[in-house]
Each structure stands twice: as C-alpha cells, then as structure tokens.
Amino acid sequence: MSENVQLLENQYVLFKLGKEYYGIDIHNVQTIEKVIDITRVPHSPAYVEGVINLRGEIIPVINLRTRLNLENVQVTSESRIIITKCDEIIVGLLVDSSSEVISLDEIQLEDAPKVSENISEKNIKGIGKDKDRIIILLDIEGILQS
C-alpha cells in the first residue's frame, strides 16, 4: 500500500449540524458545494430536499437534519451540499457548514453507542475523538438505504 493511500485511510470530511461535529469517510466525498437552487420533487420522502443541477448533472439532495430527525433550520450562507458517492449512487447532503478534513488514528475511534437500533446500527459508523471534539462518523450507505 502506498503512503498516499495510507494517508487517506482514516480521513474524514468534517461538517456541523447545530453544535455537533459529524464526519464522512473522504472516499465517499466528491465535492463540497455552496447551496444552489434546489427543486422540490413531488411525492418524495420528507428528507429529500429536492434535486440540483450541478454542472449538467441532476443530483438528489438529502436534508441531513431531517434524515437524522434533528430540528430543521434555515439555509444560511454557511450551509453546504456535500456531494457523496456510494455504490455508484451520487447524492448531495445538505449540512449546516463544512470546513475541514481530519485524520483519525485507530486509537481515536470507537464503536457507535447502542442508544437506539435504528440510529446506531444503520446511520452511525462510529465515534471519533479529536482533542476536545467528539465526531459522529456517519455511514453513508446506511443513510441512503434506510
């Protein structure tokens, strides 16, 4: 394994929903975009914000707050759409803000707590500890499937 591949192994794109930090495996992230016009799609689930036209490609956008049963807030200038890819499916995730990529060593990772089977087993891959921050590591595949 080359050194560059090893450097990417435990890297996460960090973003915030409210005051909490969340992370997505960098391998699932294609780009991070400012929020552009989102077109609602009739009869779609409540967590599907709509679709965007990103450089000619139509991409569905999931409101991650709604998907995780968090209180909704208005989109601000800090809001971002994280374009993710999982099993050839490209989806945008609407988040409050996104600012950095971090690396976490194995010692900084723990299994997700079993608070509720629906949440911990399907949507949360684990918990990361970075200095004084707790980072909820999301399982993109679980979020897209459930």
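Is glutamate 110 buried, partly exposed or exposed, and what is its relative accessible area? In this predicted model, glutamate 110 is partly exposed, its relative accessible area being 45%. The side chain of glutamate 110 forms a salt bridge with that of lysine 129, with an N to O distance of 2.7 Å. This pair links distant parts of the chain, since glutamate 110 belongs to strand β9 (residues 109-110) and lysine 129 to strand β10 (residues 124-130), the two being 19 residues apart. Lysine 129 also counts as partly exposed, at 35% relative accessibility.

A search of the whole structure returns six salt bridges, among them one in which the side chains of aspartate 96 and arginine 65 meet at 2.7 Å, N to O. Here too distant parts of the chain are linked, with aspartate 96 placed in the loop between β7 (89-95) and β8 (97-103), arginine 65 placed in helix α2 (residues 64-67), and the two positions 31 residues apart in the numbering. Because buried means under 20% relative accessible area, aspartate 96 is classed as buried at 18%, and arginine 65 is likewise classed as buried at 9%.

A further salt bridge joins the side chains of aspartate 130 and arginine 133, for which the N to O distance is 2.5 Å. Both aspartate 130 and arginine 133 are buried, and these residues, together with Glu100, are linked in a network of salt bridges.

Key
Residues are numbered from 1 along each chain as its sequence is written. This is a predicted model: local features need pLDDT of at least 70, side-chain atom pairs count only at pLDDT 80 or more; totals for chains, interfaces and linings use all residues. Side-chain values use heavy atoms; hydrogens and water are left out. A salt bridge is a side-chain nitrogen of Lys or Arg within 4 Å of a carboxyl oxygen of Asp or Glu. Helices (H or I, at least four residues) and strands (E, at least two) are DSSP runs, numbered from the N terminus. Buried means under 20% relative accessible area, exposed over 50%, partly exposed in between (1.4 Å probe, protein chains only).
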